[in-house]
Amino acid sequence: MHSAINSAGLTERQTEAIAWVYGVDLTQKEAAAIMGVERQSVGEAVDRAVERIAEVYRRWGYGEVTCDFPIEPHIFG
């Protein structure tokens, strides 16, 4: 995974968002507070980063890659 992240050409914001949300296991809301941005910005950064990382795996021949993650119900409800 580390190699895929490095190969994905993520922006600083995407890298930071991925680190907080998946590395430290914070919610997008918690990550946004630390990063000083809106929760939506973190969500967009994570979404774009996941797509870029998945593209790296596709180039490497891993086939279709999907990312399932729990939806934070308080965000949508």
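## Where helix 2 ends

Right after helix 2 comes Asp 25, and its phi is positive, near 70°. Keep in mind that this is a predicted model. Something similar turns up just after helix 3, where Gly 36 has a positive phi of about 75°.

## The chain as a whole

Let's step back for a moment. The protein chain has five helices and zero strands, so reading from the N terminus you get α-α-α-α-α. Of its 77 residues, 31% count as buried.

How much of the contact in the chain comes from residues 24 or more positions apart? Looking at contacts with a separation of 6 or more, such residues account for 59%.

## The two sides of helix 2

Helix 2 covers residues 12-23, and its buried residues are Gln 14, Ala 17, Ile 18 and Val 21. Look down the helix axis and you'll see these buried residues fall within an arc of 100°, so they line one face of the helix. What sits on the face turned away from that buried side? There you'll find the exposed residues Glu 12 and Gly 23.

The buried residues of helix 2 have plenty to pack against: helix 1 (2-7), helix 3 (28-35) and helix 4 (39-59).

## A closer look at Ile 18

Ile 18 belongs to helix 2. Is it buried or exposed? Its relative accessible area is 8%, and the cut-off for buried is under 20%, so Ile 18 counts as buried.

Which residues does Ile 18 touch, once you leave aside its neighbours within four places in sequence? The list is Ile 5, Gly 23, Val 46, Ala 49 and Val 50. You can also check a distance here: Gly 43 is 25 residues away from Ile 18 along the chain, and their C-alpha atoms are separated by 9.7 Å.

## Helix 2 meets helix 3

To describe two packed helices, you give the angle between their axes and the distance between the axes. For helix 2 and helix 3, the axes come within 9 Å and cross at roughly 130°. That makes helix 2 oblique to helix 3. The crossing of this pair is right-handed.

On the helix 2 side, the contact is made by Arg 13, Glu 16, Ala 17, Trp 20 and Val 21, while helix 3 brings Gln 28, Ala 31, Ile 34 and Met 35. Sort the residues of this contact by type and you get six nonpolar, one polar and two charged.

Helix 3 has two sides as well. Its buried residues are Gln 28, Ala 31, Ala 32 and Met 35. Seen down the axis of helix 3, they fall within an arc of 100°, so they line one face of the helix. The exposed residues Lys 29 and Ala 33 are on the face turned away from the buried side.

## Helix 2 meets helix 4

Now for the other partner. Helix 2 and helix 4 have axes 8 Å apart and pack at an angle of about 95°. Therefore the two helices are roughly perpendicular to each other.

Helix 2 joins in with Arg 13, Gln 14, Ala 17, Ile 18, Val 21 and Tyr 22. From helix 4 come Ser 41, Val 42, Ala 45, Val 46, Arg 48, Ala 49, Val 50 and Arg 52. How do the residues of this contact divide by type? Nine are nonpolar, two polar and three charged.

Definitions and conventions
Residues numbered from 1 in each chain as written. Predicted model: local features only at pLDDT ≥ 70, side-chain atom pairs only at ≥ 80, totals over all residues. Heavy atoms only, no water. Buried < 20%, exposed > 50% of the residue type's maximum accessible area, 1.4 Å probe, protein only. Helix = DSSP H or I, 4+ residues; strand = E, 2+ residues; numbered from the N terminus. Arc of directions from axis to C-beta. Contact = heavy atoms within 4.5 Å. Axes fitted to C-alpha atoms, helices over the stretch in contact; angles between N-to-C directions. Parallel < 35°, antiparallel > 145°, perpendicular 65-115°, else oblique. Left-handed = near helix turned anticlockwise from the far one by under 90°. Nonpolar A, V, L, I, M, F, W, Y, C, P; charged D, E, K, R; others polar.
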